Amino acid sequence: MSITSKTLSGMMLDGQEPEESKVINTDIAGAEEMQIMMFLTNGRLGQGLALIESATEDKDEVARVRTAVDKDGKIWLEIETKSGTNIMADALPLSNRFTETVYIRVSDLARAVKELAKEQTVSLWVSEGKLYLGGYYNEEIGGFELEVGFESCEPFTSVHETEFDTILELDQMTFNTVLDSIYEFDNVEIYRMNNTVSYRTGNDKCTIATVMQNQTHSEDTLPNLSIRIPARIFKTLPLVNALDDDLGLYVKLKFNTKYRVLKVEGQYASLFCDFTDGSLKTFNNDGMVRQFTIMSDAIAAAIGTYFNIHSTDPTGLVKLYKVNDGLLGIETVNTDRMDVNLTVGNVTLDVDEMDIEVPMDVLTMMIRKSGCPKLDLLYNKEANRLMMVYGNGLFLRKCCYQA
């Protein structure tokens, strides 16, 4: 069993003995009547299912669905996935709690509720061990115009609670900033080294590393940390606290570094995730020479257009070269199908000669979404390394490319 917070610790879940001092054990009037729970589609049920859907790619993910009553007699629905994501959704008044526990493919329920988002309410009930959803209630027919029955799945054992040995707090601005660097990368890595926290995304040829400038530096020496989680999980983490009564400033990540488990817990939702060690490589500016400084507004839109035209060969090489003072040229290397050339002005060139080749997608990622007024390109010819660096009052970022 997983209760998402101390706020809900007094609830009675079906299959659990009630705590007399905390729980009202109400008998549902009319045992033969259908026990229906009603929910606002834009309330915690819809939000919670969106969280679950975002946290998993497995369309066959199984969830346990059961009901609870808190000490005030309010009825709640608990949905807990096999992988450990847990949500609590409060039912509308006049709902009747169903006492059976069912196991379903949660993506089916999420999709059905999402399709009914324009409806103000949806209803859930259990009949003969099977969960049903109803929408479009019609008084003339005395029932729902739409009913969806969800096939039952095999029960599972809940994720066990574990102790956590270190904590990291991320604010919403940090999430937004790092999300701008993810692009199509599969993973996000979080590092805490010597009390400095940084974030990396990338692949075997390109790494984008970000450090927030306004992070709080603790006076205590915190243990170093290096974790890798799926990008979809990183995008999901802020959704956990979105179900809370009051939005907090921070999302608290709790880690068990021995068993490599991450947990984020809000008032009405929680999420477990396994993690591995970070593996993305970066390098410093030793031996690197600045090639040019470019104003981002002079190239950001143009490089996006160039990339879209060049989409037949998105990872193909382009050459950077000096046209003359103040002008930078970017042209395709492989011209078998198309020859595209872009000339960019308002560039401060630091070298007399330049002949650099870089994949088009890497160059595009180095420039787009920078959110900074100017970009500096550094180059180490012997090591064949490129690094775009930029920053503002909010963050510092370097994009590293190793040919």
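**Exercise 1. The α5/α6 crossing**

Determine the handedness of the crossing of α5 and α6 in this predicted model, and describe how the two helices are oriented.

Solution.
- Step 1. Look at the sense of the crossing: α5 and α6 cross in a left-handed way.
- Step 2. Locate the helices. α5 spans residues 296-309 and α6 spans residues 360-367.
- Step 3. Take the axes. They come within 10 Å and cross at roughly 155°. Angles over 145 degrees count as roughly antiparallel, so α5 is roughly antiparallel to α6.

**Exercise 2. The α5/α6 contact**

Which residues of α5 meet which residues of α6, and how do they divide by class?

Solution.
- Step 1. List the α5 side: Ile299, Ala300, Ile303, Tyr306 and Phe307.
- Step 2. List the α6 side: Met360, Asp361, Leu363, Thr364 and Ile367.
- Step 3. Sort by class. The contact holds eight nonpolar residues, one polar and one charged.

**Exercise 3. Cover on α6**

How many of the residues of α6 are buried, and which residue with a positive phi follows the helix?

Solution.
- Step 1. Count: eight of the eight residues of α6 are buried, and the helix is mostly covered.
- Step 2. Name them: Met360, Asp361, Val362, Leu363, Thr364, Met365, Met366 and Ile367.
- Step 3. Go past the helix. Lys369 follows α6, and its phi is positive, near 60°.

**Exercise 4. A second helix pair**

At what angle do α3 and α4 pack, and what residues make their contact?

Solution.
- Step 1. Place the helices: α3 covers residues 172-179, α4 residues 231-241.
- Step 2. Read the geometry. The angle is about 155°, with the axes 11 Å apart. That makes α3 roughly antiparallel to α4.
- Step 3. Add the handedness: the crossing of α3 and α4 is left-handed.
- Step 4. List the contact. Gln172, Phe175, Val178 and Leu179 in α3 meet Phe234, Lys235, Leu237 and Pro238 in α4.
- Step 5. Classify. Six residues of this contact are nonpolar, one is polar and one is charged.

**Exercise 5. Two residues with positive phi**

Leu94 and Asn384 both need a look at phi, place and cover. Is Leu94 buried or exposed? Where is Asn384?

Solution.
- Step 1. Start with Leu94. Its phi is positive, about 75°, although Leu94 is not a glycine.
- Step 2. Place Leu94: the loop between β5 (86-90) and β6 (102-105).
- Step 3. Check its cover. The relative accessible area is 79%. The cut-off for exposed is over 50%, so Leu94 is exposed.
- Step 4. Turn to Asn384. Its phi is near 55°, positive in a residue other than glycine.
- Step 5. Place Asn384: the loop between β24 (374-380) and β25 (385-391).
- Step 6. Check its cover. With a relative accessible area of 34%, Asn384 is partly exposed.

**Exercise 6. Ala68**

Where is Ala68, and how far apart are Ala68 and Ala89?

Solution.
- Step 1. Ala68 lies in strand β3, residues 62-69.
- Step 2. Its relative accessibility is 0%, so Ala68 counts as buried.
- Step 3. Compare sequence and space. Ala68 and Ala89 are 21 residues apart in sequence and 10.0 Å apart in space, C-alpha to C-alpha.

**Exercise 7. The whole chain**

How many helices and strands does the chain have, and what share of its residues is buried?

Solution.
- Step 1. Count the elements: six helices and 26 strands.
- Step 2. Take the cover. The chain has 403 residues, and 49% of them count as buried.
- Step 3. Add the surface. The accessible surface is about 20200 Å², and 46% of it belongs to carbon and sulfur atoms.
- Step 4. Finish with the contacts. Among those with a separation of 6 or more, 67% join residues 24 or more positions apart.

How values were computed:
Residues numbered from 1 in each chain as written. Predicted model: local features only at pLDDT ≥ 70, side-chain atom pairs only at ≥ 80, totals over all residues. Heavy atoms only, no water. Helix = DSSP H or I, 4+ residues; strand = E, 2+ residues; numbered from the N terminus. Buried < 20%, exposed > 50% of the residue type's maximum accessible area, 1.4 Å probe, protein only. Contact = heavy atoms within 4.5 Å. Areas by Shrake-Rupley, 256 points an atom, 1.4 Å probe, with all protein chains shown as cover. Axes fitted to C-alpha atoms, helices over the stretch in contact; angles between N-to-C directions. Parallel < 35°, antiparallel > 145°, perpendicular 65-115°, else oblique. Left-handed = near helix turned anticlockwise from the far one by under 90°. Nonpolar A, V, L, I, M, F, W, Y, C, P; charged D, E, K, R; others polar.
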